[in-house]
Structures are given as C-alpha cells and as structure tokens.
Amino acid sequence: MNIQGKVALVTGASRGIGRAIALELAQQGIKRLILVARDRHKLAEVAKEIEAMGVEATIMAVDLTKPVFVHIAIAQLWRSYGPIHILVNCAGVAHQNSFLQSKLPQVQEELSLNLLGTYSLTHMMARRMASRREGTIVNVSSLMGKVAAPTMATYSATKFAIVGFTQALRSELAPYNIRVMALLPTLTDTDMVRDLELFRWVMPMTPQKVAKALVLGLQKDSPEILVGWQSHIAVWCQRFAPWLLEKILQIATPKVGDRGQGTGDREQGTGNRGQGTRRRIFTTDPLPHSSSVTYNL
C-alpha cells in the first residue's frame, strides 16, 4: 500500500505507540493525520511535530468509550476532510494485578476502551469505507493477544478478542476492498509499561521500532504484523512446546500487589489557542445537553 496522499486516523496518538505511528506515517509522506485521544494538550504537541514535517494535522479530543460523541466527531471529520483511508486503533489501557485481587471498575475500564471502544469506532469507519469500497483498518493488539500473561488476565483477554475481531473482519470486509490487519508488538517502552512490573528476561522495544514495523507491514499487505524477536520465539514455543512456555511464564511472572497499573491514554487536559497553524480541533463535550463543537486554531 502506498500511503502518500492518504488520510489516516490514529487513536491513542497522544503518546506511546500511537504517537510513534503518527510521526512515522508523517515521515513516510501521508497527506493528513487525524490524531485522537483524550488529552487535547498532548495531541496539540504531537500535531505541532507533524506540521513541522509539512503534513496537515487535525486533532480530535474525545473519549472513545462514549460512542454517541465519537459518532458526531467522525461525521464532522468525514464532512470536513472527505474520506479517511486508514484507521489505526491504538488507544488502550492496562491494569496489572493478580486475578484474585482484581477490581471490577478496572476490568470494566479495560473492556470498555480496549474492546468496545475499538469495536464502535471500527464499525463507524467501516460503514463509510464500505460505501467507497476502499480502506485499511489496523487493530493494535499485543503479543498478549497470542500468549496470555499471568497478572494481565483482562488485558490479555481484550487483546485475544482484538485478534479474533480482526480475523473475522478480514474475511467479511474483503468484498468491499477493505483490508484489516493486526499489529502485535511485544512489551514496548511507553508510559503505560513503565507503571507495570516487568516480566523477567523481557526487554522492551521502542515505540519507533513498532511504528516502522507497521509501515513495512502496510507496504507488504501483511494480515498480521508480529513485532520483535521475543514475540516470534514466544509464539513458536506456544505452538510447538506449550509445556515449556508455561514453565517459563511461571518463572518470569512478577509478583504484584494492588499498585501495578498503566494506561495507554488516560491523562486529561486542555489545549491552548495557537497562531498560524492549519490544525483543526474537534471536541465532544460529554455533558448531557451539549453538542459537538468545532473551531479553528
């Protein structure tokens, strides 16, 4: 796939892997990037970096767990900028704890954002892509979507679900010329991971490496992009020596209490007005009687 001249929407773009993917797509010559996250201030910082490369940037500060407001924002974006060719679902949250000490609000948060948020946005975008018979959807899962990790039961469950969701859509949307692929990075050095207790012997990779792997996968039309040699070894071991992988996980799993948790896109913030940029901000106010507001920077 040639991304030049295309428009891409990236969720979780305020930091971590989502931010790295947005910057890498900009470096590869994409026409416009629509950056989605909750923290408007951090999105504005990423947009400034992208605009410095000569690429147009639009930011959309929205909570992906609120489908009504997401639908309003997507409709506005499509009317303002025409078709969006690439969707990258990268927003996510992770809580680390033993299953017996898990807390229902944290479980609900992971399910709501990682799975239902991805489902809702993909549904809105896929319907529009199908009407044009063109589009690419990238769902960011994880190595934990192939190899479940102790102390990360709910997170692993959501990432397994994303892999299954991706496989189902790949066949179902193919007649509409929509490609659906999964990106499966191993542990990555992000703010979210820094709040977690690391597994023994696992070496985090950089978000930039994950982003480059995605671009290469787009060029090759890869249905699944498994990133990092540790990921390939773990998947191979699971397939041919599952007993060995189970032993390794027992030894490598950290002992955690109630404190270990991380978020892929949780900060709240507001942006300030700038001067002379081509950036547009879309915000959705979650108050019951509010409406979507659009304004120029």
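Which residue in S4 is the bridge partner of Val-10? In this predicted model, that partner is Val-88. The pairing belongs to a set of three bridges that join strand S1 to strand S4 (residues 86-89), and the two strands run parallel.

**The chain as a whole**

The chain has 297 residues, and 54% of them count as buried. Its secondary structure comes to nine helices and eleven strands. Among contacts in the chain with a separation of 6 or more, 73% are between residues 24 or more positions apart. The accessible surface comes to about 13900 Å², and carbon and sulfur atoms account for 55% of that surface.

**Strand S1 and its partners**

Strand S1 spans residues 7-11. Five of its five residues are buried, so S1 is largely enclosed by the rest of the structure. In a regular strand, side chains alternate between the two faces of the sheet. In S1, Val-7, Leu-9 and Thr-11 point one way, while Ala-8 and Val-10 point the other way. Both sets of residues are buried.

Besides S4, strand S1 pairs with strand S2 (residues 32-37), in the parallel sense and over five bridges. Within this pairing, Val-7 stands opposite Arg-32 of S2. To get from S1 to S2, the chain passes through helix H1 (residues 16-27), and the resulting β-α-β crossover is right-handed.

The two pairings of S1 are set out below.

| Partner strand | Residues | Sense | Bridges |
|---|---|---|---|
| S2 | residues 32-37 | parallel | five bridges |
| S4 | residues 86-89 | parallel | three bridges |

**Thr-11**

Is Thr-11 in S1 buried or exposed? Thr-11 has a relative accessible area of 1%, and therefore counts as buried, the cut-off being under 20%.

The side chain of Thr-11 reaches two backbone nitrogens. One is that of Cys-90, at 2.7 Å. The other is that of Ala-91, at 3.0 Å.

Cys-90 and Ala-91 also appear among the residues that Thr-11 touches, when residues up to four places away in sequence are not counted. The others in that list are Gly-18, Val-36, Leu-64, Val-88, Asn-89 and Leu-121. Several of these neighbours can be placed on the elements described above. Gly-18 falls within helix H1 (residues 16-27), and Val-36 within strand S2 (residues 32-37). Val-88 and Asn-89 fall within strand S4 (residues 86-89). Val-88 is thus named twice here: as the bridge partner of Val-10, and as a residue touched by Thr-11.

Conventions. Residues numbered from 1 in each chain as written. Predicted model: local features only at pLDDT ≥ 70, side-chain atom pairs only at ≥ 80, totals over all residues. Heavy atoms only, no water. Helix = DSSP H or I, 4+ residues; strand = E, 2+ residues; numbered from the N terminus. Buried < 20%, exposed > 50% of the residue type's maximum accessible area, 1.4 Å probe, protein only. Polar contact = N/O pair within 3.5 Å; in protein donor to acceptor, adjacent residues only side chain to side chain. Contact = heavy atoms within 4.5 Å. Pairing = 2+ DSSP bridges. Right-handed = clockwise from strand over helix to strand, strands pointing away. Areas by Shrake-Rupley, 256 points an atom, 1.4 Å probe, with all protein chains shown as cover.
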